[in-house]
Amino acid sequence: YFLGEFDIDQLKFTPESEGIVDHSGHYYAQETILDANGDLFLMAWLPGWDRDWLPRYNNTPIKNSPPLWNGVFALPRKLGLGAKGELLQQPAESLKALRGKHHHLGSRALPVIESTTAYDVLKNIRGNQLELEVELALDASSFSGVSVLTNDEGQGGLAIQWSGNLIQVDDVSVPIPDWQPGETLKMRIFIDKRWVEIFINEGRHCVSRQVRIEHIGGDRVALTSLGGTGRLASLDAWNLKPIQQ
């Protein structure tokens with residue numbers, strides 16, 4: 001995306017900043033919709049196919065959906081501007097109407113194993129249609145993260161690994177250039193069976209991914225860390241109700 005000033009008399013656009021709408025390759029054919037309140041929303045399609053130029057992870061062999069369907073609509077995103085003029089993308093407020101059973105976890109240390117990734121599979125938070133609000137602190141860890149759609153040991157599914165100014169989502173690299181040491185990371189994560197959409201730091205960065213069926217381990221959520229003690233600042237989870245009752 002490009003942000004700037006448009007001179008309507010000269011029909012000239014002067015860009016002042018730029019960024020990435022979605023770091024995924026699975027976010028396609030975007031359209032904007034203006035509502036009656038003057039709020040601008042972004043709609044897009046999450047296609048059920050891959051191409052050779054899409055992000056490399058899990059793309060060999062190329063993912064293609066069965067002939068019964070070929071993708072889904074992404075969640076509607078409300079667009080706004082941050083304090084520095086950057087684009088913010090927030091899930092539409094109406095999505096909160098889908099929230100069902102709620103779970104909350106307070107501050108706790110993340111698991112540590114000396115030289116390999118440690119997994120803390122959450123006992124009471126599970127499902128393949130979830131909304132998560134997560135805040136992590138890196139502290140002494142090499143990375144802290146969350147994995148979703150895992151098995152009972154935290155394996156499989158989609159991994160989110162944060163290491164300061166970089167976050168890896170399904171092995172797609174997302175730079176976070178505005179991160180400063182000591183700052184936490186905040187995410188809203190939406191899981192819908194094999195689709196995961198992630199909104200990072202109030203929607204300054206977004207990632208949407210299709211998880212290959214054979215890589216889905218189950219319906220568990222695991223906290224992860226490596227190389228030292230990280231910290232979960234807080235986690236809220238809701239099981240999501242169907243749109244059509």
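Which residue of S18 does Trp-195 stand opposite? In the predicted model examined here, Trp-195 stands opposite Gln-210 in S18. This pair belongs to the contact between strand S17 and strand S18 (residues 205-210), which run antiparallel and are joined by six bridges. The two strands form a hairpin with four residues between them. Within that turn, Asn-201 adopts a positive phi of about 50°.

Strand S17 is also paired with strand S16 (residues 185-192), again in the antiparallel sense and over six bridges. In this pairing, Arg-188 has Phe-199 of S17 as its bridge partner. The hairpin of S16 and S17 has two residues between the strands, and Lys-193 takes a positive phi near 65° there.

The surroundings of S17 (residues 195-200) were examined through the accessibility of its residues. Six of the six residues are buried, so the strand is largely enclosed by the rest of the structure. The side chains are divided between two directions: Trp-195, Glu-197 and Phe-199 point one way from S17, whereas Val-196, Ile-198 and Ile-200 point the other way. Burial applies to all of these residues, Glu-197 included.

A further element of the model is an open sheet of six strands, arranged in the order S10-S19-S12-S13-S14-S15 with antiparallel pairing. Strand S10 (118-126) and strand S15 (172-175) occupy the edges; each has a single partner strand, so one side of each is left without a neighbour in the sheet. On average, and with direction ignored, neighbouring strands of this sheet are turned by 20° against each other. In general, the strands of a sheet pair through backbone hydrogen bonds, in either a parallel or an antiparallel arrangement.

At the S10 edge, the partner is strand S19 (residues 220-226), which runs antiparallel to S10 and is joined to it by five bridges. Ala-118 has Ser-225 in S19 as its bridge partner.

On the surface of the model, Phe-2, Phe-6, Ile-8, Leu-11 and Phe-13 make a nonpolar patch of about 590 Å². One of these residues, Phe-13, lies in strand S2 (residues 12-18). Phe-13 is partly exposed, with a relative accessible area of 39%. The phenylalanine of S17, Phe-199, is by contrast buried.

How values were computed:
Residues numbered from 1 in each chain as written. Predicted model: local features only at pLDDT ≥ 70, side-chain atom pairs only at ≥ 80, totals over all residues. Heavy atoms only, no water. Pairing = 2+ DSSP bridges. Axes fitted to C-alpha atoms, helices over the stretch in contact; angles between N-to-C directions. Buried < 20%, exposed > 50% of the residue type's maximum accessible area, 1.4 Å probe, protein only. Patch = residues over 30% accessible without salt bridge, like charges linked within 9 Å, V, L, I, M, F, W, Y side chains within 5 Å. Areas by Shrake-Rupley, 256 points an atom, 1.4 Å probe, with all protein chains shown as cover. Salt bridge = Lys/Arg side-chain N within 4 Å of Asp/Glu carboxyl O.
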